[in-house]
Structure formats: structure tokens, C-alpha cells
Amino acid sequence: MKRILVTGANGQLGTTLKQQSLGSEDQWVFCGREAIDITDSYSITSFLENQSFDFCINCAAYTHVEGAETEIDAARALNVEAVKNLVAACNEKQITLLHISTDYVFDGTKKTPYVETDPTAPLNQYGKSKLQGEQYIQQNAAAFYIIRTSWLYSKTLGANFYSVILNKAKKGDSLTVVNDQVGTPTDVAHLVEFLFNMIKKEPEYGLYHFSDEQIMTWYDLAVAIVKEHQLEVSVAPSTTASGGAVRPRYSPLFSNKKF
Ligand SMILES: NC(=O)c1ccc[n+]([C@@H]2O[C@H](COP(=O)([O-])OP(=O)(O)OC[C@H]3O[C@@H](n4cnc5c(N)ncnc54)[C@H](OP(=O)(O)O)[C@@H]3O)[C@@H](O)[C@H]2O)c1
């Protein structure tokens, strides 16, 4: 039996981990910000005192891509400085850190899906902060997995692309969705299965990509959601508005490190 700590447990990924780990043979401990504030190193070390864990899955992050453009310090505090706190605590307590990163570390100029060995060049502050967090882990963590994923959505939780499109379509609202960003949408339930497999198999430490590996635009995804639910609403393609955070136009994630 393995002991697994989850930080940032009340977000999209943390909540899905909690749901899908019910009945697991392993021992899971879920901590939201109120139990462990990862920006506060004392909060982490005092929680870990007299406890041992095999893995820590960090689901906490500053994830608001637009907000990061103006709240640069807040994005750095969570995506870089707090990651340093986790690395120090995991090294001290001999815990393997699983940290989640993003396709937004790439600039989107490649013409084929990004794999782990491709050079990074983030376009926006969110991507820059996530990349700095990754780099710190790679240079300083004794035992780690960095899992880059892309375009996370949930079929069961509220307030994400899937639920927004579905709710609008059910109301009969016509939809307009951007058709000039290409990526690999990923059902968070599949990412959770990937993380379970990683904990079970313990492949070589390092950087891994995980997505659902179906290349499409946000428009294509919206059309697929409407079709899945057999709804009769029109979906129109649009182009990305100018201004705000610059997003990569092409950022599908594939992996050349299957295990
Ligand atoms: N969503 C995507 O499309 C996507 C795509 C690629 C990669 N990712 C990465 O996947 C990971 C999980 O994303 P997600 O969609 O699950 O994010 P999310 O729903 O925004 O959840 C992030 C969680 O972090 C928590 N948090 C914020 N500050 C904290 C602190 N100081 N201490 C502890 N917890 C704190 C938040 O708690 P509060 O609710 O209290 O603020 C929230 O529950 C992130 O690393 C993200 O960068 C996401």
C-alpha cells in the first residue's frame, strides 16, 4: 500500500482524483488550501511532521491564463515559489513529487505534435511561470515526475469548457467558438487514470506528456460535445480576439515516453 498526498485538492484535477480514488487500495490524503497552503513553507512542513508519504501530487496552481498577464507576482508565487517549497519538503521527507504542467510552455510554431524533447518557448505569463516551476523541479528535486497536459475538461464537474458548452446548447443558445487554436483536449478523468498508472508502475523519473491525443480546435470540441448529446444548435467558428494573453496556435501534446 502506498501513501499519497494531494495538494490543491479542491480544483478540477484534485476533485477528480478524490472521486476516482474511492475504493483504492492505496491511502490517499487530500489537502485543499485550508489544510496546506503551498505558498507557506511552514504550512507544508508542519503538516508533514510525523507523517510519511510515498508520493505528493501537486494539483495546486495559478491557472487563470488571462489573470496571469497582470497578476504576474501572484502567478509566480504559486507556479514557481510555492513549487520550491514543495521540492524542499519532498526532498527532506523522501517523497516523490508529481507535478502538473501545460502545453502553454510551447510557442505553437511546430507543425507536428509536441513531444517531451521539444524546445520550450512560452508566449504568456502563465506559460512562463509554469516553465520556471518545471525547471526548478528538474534541477532540484530528488525524485519527481512532471506531467504536461493540455486543454483539461471534465464531463462531470461544473465551470469548464465542456459544461459551459453543454449548458448553453441545452438552453438552445447558438454558439460561437474559436477555430484557430489547435490542441489536444484531455478529459481530466483520463489524466487521473494516467497518474494512477504512474504511481503503480513508477517509470523512470522525469518529464512526461499526457493528452487524449486527438488533435482539434476548440470549435471542433464544441461541435463534438453538441453531437455527443444529440442537440440541435448551431455552432459557428470564430477567430481569437486580439489583446490579452497570447496563446499558442498549435500545441497538441504527444508522448515518446510510453510506459
Ligand atoms: N485546466 C487546464 O486546462 C489545464 C491545462 C494544462 C495544464 N493544467 C495544469 O493542471 C493542474 C491542475 O489544473 P486544474 O484545472 O485542476 O486547476 P484548478 O481547478 O484551477 O485548481 C487549482 C487549485 O489550486 C488551489 N490553490 C490555489 N492557491 C493555493 C495555495 N496557495 N495552496 C494550495 N492550493 C492552492 C486552488 O484552490 P482555491 O480554489 O482555494 O483557489 C484550486 O483548488 C495545474 O497545474 C494546471 O496548470 C491545467
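Two helices count as roughly parallel when the angle between their directions is under 35 degrees. In this model, which is predicted, helix H4 (residues 72–93) and helix H5 (residues 125–140) pack at an angle of about 15°, and H4 and H5 are therefore roughly parallel to each other. The crossing of these helices, H4 and H5, is right-handed.

On the H4 side, the residues that take part in this contact are Ile72, Ala75, Arg76, Asn79, Val80, Val83, Lys84 and Val87, and they meet Gln125, Tyr126, Ser129, Lys130, Gln132, Gly133, Tyr136, Ile137 and Asn140 of H5. Sorted by class, the contact of H4 with H5 comprises eight nonpolar, six polar and three charged residues.

**Helix pairs**

Two packed helices are described by the angle between their axes and the distance between the axes. The table sets out these values for the pairs treated in this report.

| Helix pair | Angle between axes | Distance between axes |
|---|---|---|
| H4 and H5 | about 15° | 9 Å |
| H6 and H8 | about 55° | 10 Å |
| H1 and H7 | roughly 65° | within 9 Å |

Helix H6 (residues 161–171) and helix H8 (residues 218–228) form another of these pairs, and with their angle of about 55° H6 and H8 are therefore oblique to each other. Their crossing, that of H6 and H8, is right-handed. From H6 come Phe161, Tyr162, Ile165, Leu166 and Ala169, while H8 brings Leu221, Ala222, Ile225 and Val226 to the contact. The residues of this contact of H6 with H8 are nine nonpolar, no polar and no charged.

The axes of H1 and helix H7 (residues 188–201) come within 9 Å of each other, and the crossing of H1 and H7 is again described as right-handed. Here Gln12, Leu13, Thr16, Leu17 and Gln20 of H1 make the contact with Val188, Ala189, Leu191 and Val192 of H7. By class, the contact of H1 with H7 holds six nonpolar, three polar and no charged residues.

**The sheet**

The model also contains an open sheet of six strands, in which the pairing is parallel and the order is E2-E1-E3-E4-E5-E10. Strand E2 (27–31) and strand E10 (206–209) are the edge strands, each of which pairs on one side only. Neighbouring strands of this sheet are turned against each other by 20° on average, with direction ignored.

Within the sheet, E4 and strand E5 (residues 144–149) pair in the parallel sense over six bridges, and Ile100 has Ile147 in E5 as its bridge partner. Helix H4, already met as the partner of H5, packs on the sheet, where H4 touches strand E3 (55–58) and E4, and the direction of H4 makes about 160° with that of E4.

**Around the ligand**

Which residues come nearest to the ligand? Of the 23 residues around the ligand, these are Gly8, Gly11, Gln12, Ala60 and Ala61. Helix H1 (12–20) and strand E4 (96–102) are the elements that give two or more residues to the shell around the ligand, and the largest share, three residues, comes from H1. By class, the residues of this shell divide into nine nonpolar, 11 polar and three charged.

Taken together, these descriptions show some elements in two settings. Helix H1 gives residues to the shell around the ligand and also packs against H7, with Gln12 named in the contact of H1 with H7 and among the residues that come nearest to the ligand. Strand E4 likewise gives residues to the shell and pairs with E5 in the sheet.

Note on methods. Residues numbered from 1 in each chain as written. Predicted model: local features only at pLDDT ≥ 70, side-chain atom pairs only at ≥ 80, totals over all residues. Axes fitted to C-alpha atoms, helices over the stretch in contact; angles between N-to-C directions. Helix = DSSP H or I, 4+ residues; strand = E, 2+ residues; numbered from the N terminus. Parallel < 35°, antiparallel > 145°, perpendicular 65-115°, else oblique. Left-handed = near helix turned anticlockwise from the far one by under 90°. Contact = placed C-beta atoms within 7 Å. Nonpolar A, V, L, I, M, F, W, Y, C, P; charged D, E, K, R; others polar. Near = placed C-beta within 6 Å. Pairing = 2+ DSSP bridges.
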